[in-house]
Amino acid sequence: MYMLYATRGSGNCFKPFLTLCQLDIAFSVLEVDVLKGETRGEAFRRINPAGAVPYLVTEEGVGIGESNAMLWLIAEGSHLMPGSALDRARSLQWMFFEQSKLEPNISPARFLGHIAPHLGRGREAEIAAWQDKARAGLATLDAHLAGHDYMLGDRYGITDIALYGYVHVGDEAGIDLQAFPSVCTWMERVRQQPGHVPLSALCASATPFSSGCAA
Ligand SMILES: N[C@@H](CCC(=O)N[C@@H](CS)C(=O)NCC(=O)O)C(=O)O
């Protein structure tokens with residue numbers, strides 16, 4: 001059974017979680033608390049030396065980092081995978097876009113402006129710069145989705161999950177998502193997919209990492 005190390009509220013951790021849920025694959029979640037610094041602690045670094053979540057451990061005990069890479073493993077052989085060589089390349093294209101233009105801007109703006117605002121005090125200019133960069137990325141995404149129901153055309157899959165992870169919490173990063181109407185319509189389509197679960201479900205029945213169950 002897969003074990004997913006995750007932290008509450010994380011769009012990155014939500015991606016493998018949602019994929020596992022939608023494919024009805026058995027897994028358990030261990031909650032590593034970023035706010036308490038557990039990701040940087042020695043105990044977690046023995047498991048993932050990169051000190052980041054999500055981290056996925058397979059039944060054979062092999063660990064894999066990077067949320068979008070996990071989707072390729074979890075969804076292998078399923079209807080959520082891109083089919084042709086061209087679609088696989090397009091999927092990677094959008095996943096790299098997500099990790100370079102959206103996630104690195106939405107995530108810190110949301111963390112410092114919404115999740116831990118006490119840490120964001122005095123960093124308003126940095127937050128505004130991240131928001132501007134995120135809006136530029138969202139404009140690119142909106143233009144793409146104006147002509148497509150889903151990221152790769154007419155079929156939902158892991159590329160949609162990769163993009164949805166942070167885009168759907170863009171408002172918590174102080175970005176008005178209504179300014180991106182095609183993104184909003186696509187998000188609603190994503191929410192209508194069978195087996196969809198909200199981000200709030202991520203650590204709802206997780207075992208705390210601090211309980212020592214991971215050892
Ligand atoms: N590119 C990575 C990003 C992972 C990442 O930044 N994770 C954050 C939580 S969303 C983290 O573990 N931060 C730990 C820390 O800053 O101590 C992915 O997509 O998985």
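The domain bounds used in these legends come from an automatic or database domain assignment. The model shown is predicted, so please read each close-up with that in mind.

**View 1. The second largest pocket draws on two domains.** Domain 1 (2–79 + 198–211) and domain 2 (85–191) each contribute at least three residues to the lining of the second largest pocket. Those who like to select the residues by hand will want E66, N68, A69, W72, L92, M95, F96 and Q99, which line this pocket. Helix 3 (67–74) and helix 4 are the elements that give two or more residues to the lining. Which of the elements gives the most to the lining of this second largest pocket? Helix 4 does, with four residues. By class, the lining divides into five nonpolar residues, two polar ones and one charged one. The space in this second largest pocket comes to about 160 Å³.

**View 2. The largest pocket has a volume of about 910 Å³.** Its lining is made up of 34 residues, and T7, V34, V53, S107 and F111 are those that lie nearest the centre of the pocket. Here too the two domains take part: domain 1 (2–79 + 198–211) and domain 2 (85–191) each provide at least three residues of the lining of the largest pocket. Helix 1 (11–22) and helix 4 (85–115) both supply at least two lining residues. With eight residues, helix 4 gives the most to the lining of the largest pocket. What mix of classes does the lining of the largest pocket have? There are 14 nonpolar, 12 polar and eight charged residues.

**View 3. Twelve named residues gather around the ligand: S10, N12, T39, R40, G51, A52, V53, P54, E66, S67, Q99 and Y166.** Three of them are worth a zoom for their polar atoms. In T39, a polar side-chain atom lies 2.9 Å from a ligand oxygen atom. For R40, a side-chain N or O atom is 2.6 Å from an oxygen atom of the ligand. E66 has a side-chain N or O atom 2.7 Å from a nitrogen atom of the ligand. On its own the ligand has 510 Å² of accessible area, and the protein covers 78% of that area. E66 also belongs to the lining of the second largest pocket, as does Q99, while V53 is among the residues nearest the centre of the largest pocket.

**View 4. V53 and P54 are joined by a cis peptide bond.** The omega angle of this bond is about 5°. P54 sits in the loop between helix 2 (42–45) and strand 3 (55–57). Both V53 and P54 are also listed among the residues around the ligand.

**View 5. D24 has a positive phi, although D24 is a residue other than glycine.** What is the phi of D24 near? The value is near 55°. To find D24 in the model, look in the loop between helix 1 and strand 2 (27–31).

Notes
Residues are numbered from 1 along each chain as its sequence is written. This is a predicted model: local features need pLDDT of at least 70, side-chain atom pairs count only at pLDDT 80 or more; totals for chains, interfaces and linings use all residues. Side-chain values use heavy atoms; hydrogens and water are left out. On a 1 Å grid over the protein atoms alone, a cavity is a set of points where a 1.4 Å probe fits but cannot get out, and a pocket is an open set with protein on both sides within 12 Å along at least five of seven lines; lining residues have an atom within 4 Å of a point. Grid points are joined across faces, edges and corners, and a volume is the space filled by probe spheres set on the points. Ala, Val, Leu, Ile, Met, Phe, Trp, Tyr, Cys and Pro count as nonpolar, Asp, Glu, Lys and Arg as charged, and the others, Gly among them, as polar. A residue is near a molecule or strand if one of its heavy atoms lies within 4 Å of it. A polar contact is a pair of N or O atoms within 3.5 Å; within protein, one must be able to donate a hydrogen and the other to accept it, and residues adjacent in sequence count only if both atoms are side-chain atoms. Accessible areas come from the Shrake-Rupley method with a 1.4 Å probe; for residues, only the protein chains shown count as cover.
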